[in-house]
Amino acid sequence: MNHGEGEDALVLAAQEMLAAERSEEEVFAELAARTGEWGVCVLAVCSALGVPRTDAEARLREVEPFFAEFAAGEEADLALLLTFGHVFVVDRVLDEHEEHIRDLLGTAAGARGGFPGSLLGWFRTGELTKVFLYFAKTRFRDGRGSPPDFWAAMTAAGELLASQGGADHAEVTAGLDLCRTQAAAIGAKVGGSQKLQL
């Protein structure tokens, strides 16, 4: 271990490794094994990625309690935990159009009854098309979530995504068609049950 290696030197080393197309996970594991200073290495990798210092420090505070569960030589395992915890995610700043899409997908997530934690990274990095296509495959079980609200939000998000064009346009259009079909089917079902109550 090379204790005492300055954070600035670690940031430069992390930048070089990232530029050589090494993953954040690999970079952290190598630096952490080399120095034994896991917290400093978290900050160095975050800084090399462009994560603001205050965000990096907040992320470190969240994960630092888990360090006690790992021993020297288990840096790769710790790196995996940090990756799953989205410690090294660079949050993308969205424009107004994208923010509206993200908000609609957030509404859909709530109406769906939540989403797998693995999708949090996609929300944070602005991979909205991936979130939309994942959600478009949703199948509701009886009593879970609010299908009418979900499909309404998904249809609105899909229309905004489809208006952008792009490489995934055909997939988005297919997903939008599915959302419209589901929204119409739910609307017909709700309309039919209201007539029965009258």
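**View A. The residue just after helix H6 in the predicted model.** In this predicted model, Gly113 follows directly after H6 and takes a positive phi of about 95°. The helix that precedes Gly113 spans residues 96-112, and its 17 residues reach 24 Å from the first C-alpha to the last, which is close to the 24 Å expected at 1.5 Å a residue.

**View B. The N-terminal end of H6.** At this end the helix is capped by Asp95, a side-chain oxygen of which lies 3.1 Å from the backbone nitrogen of His97.

**View C. The buried and exposed faces of H6.** The buried residues of H6 are Glu98, Ile101, Leu104, Leu105, Ala108, Ala109, Ala111 and Arg112. When the helix is seen down its axis, these buried residues fall within an arc of 165°, and they therefore line one face of H6. Glu96 and Gly110, by contrast, are exposed and are carried on the face of the helix turned away from that buried side.

**View D. The surroundings of the buried side of H6.** Among the elements that cover the buried residues of H6 are three helices, namely H7 (120-125), H8 (128-135) and H9 (147-162).

**View E. An aromatic cluster and one edge-to-face pair.** Six aromatic pairs are found when the whole structure is searched. One of these involves Phe150 and Trp151, whose ring centres are 4.7 Å apart and whose planes stand at 80°, so that the pair is classed as edge-to-face, the cut-off for this class being over 60 degrees. Both partners are buried: Phe150 counts as such because its relative accessibility is 0%, and Trp151 because its relative accessibility is 2%, where buried means under 20%. Phe150 and Trp151 also belong, together with Phe123, Tyr134 and Phe135, to one aromatic cluster.

**View F. Cysteines without a disulfide.** A search of the whole structure for disulfides finds zero. For Cys46, which is in no disulfide, the nearest cysteine sulfur is that of Cys41, at 11 Å, whereas a disulfide would require the two sulfur atoms to lie within 2.5 Å. Cys46 is nevertheless buried, because its relative accessibility is 0%. Cys179 is likewise buried, its relative accessible area being 0%.

Methods. Residues numbered from 1 in each chain as written. Predicted model: local features only at pLDDT ≥ 70, side-chain atom pairs only at ≥ 80, totals over all residues. Heavy atoms only, no water. Buried < 20%, exposed > 50% of the residue type's maximum accessible area, 1.4 Å probe, protein only. Helix = DSSP H or I, 4+ residues; strand = E, 2+ residues; numbered from the N terminus. Expected span 1.5 Å × (residues − 1). Arc of directions from axis to C-beta. Contact = heavy atoms within 4.5 Å. Polar contact = N/O pair within 3.5 Å; in protein donor to acceptor, adjacent residues only side chain to side chain. Phe/Tyr/Trp six-rings, centres within 6.5 Å; stacked < 30°, edge-to-face > 60°.
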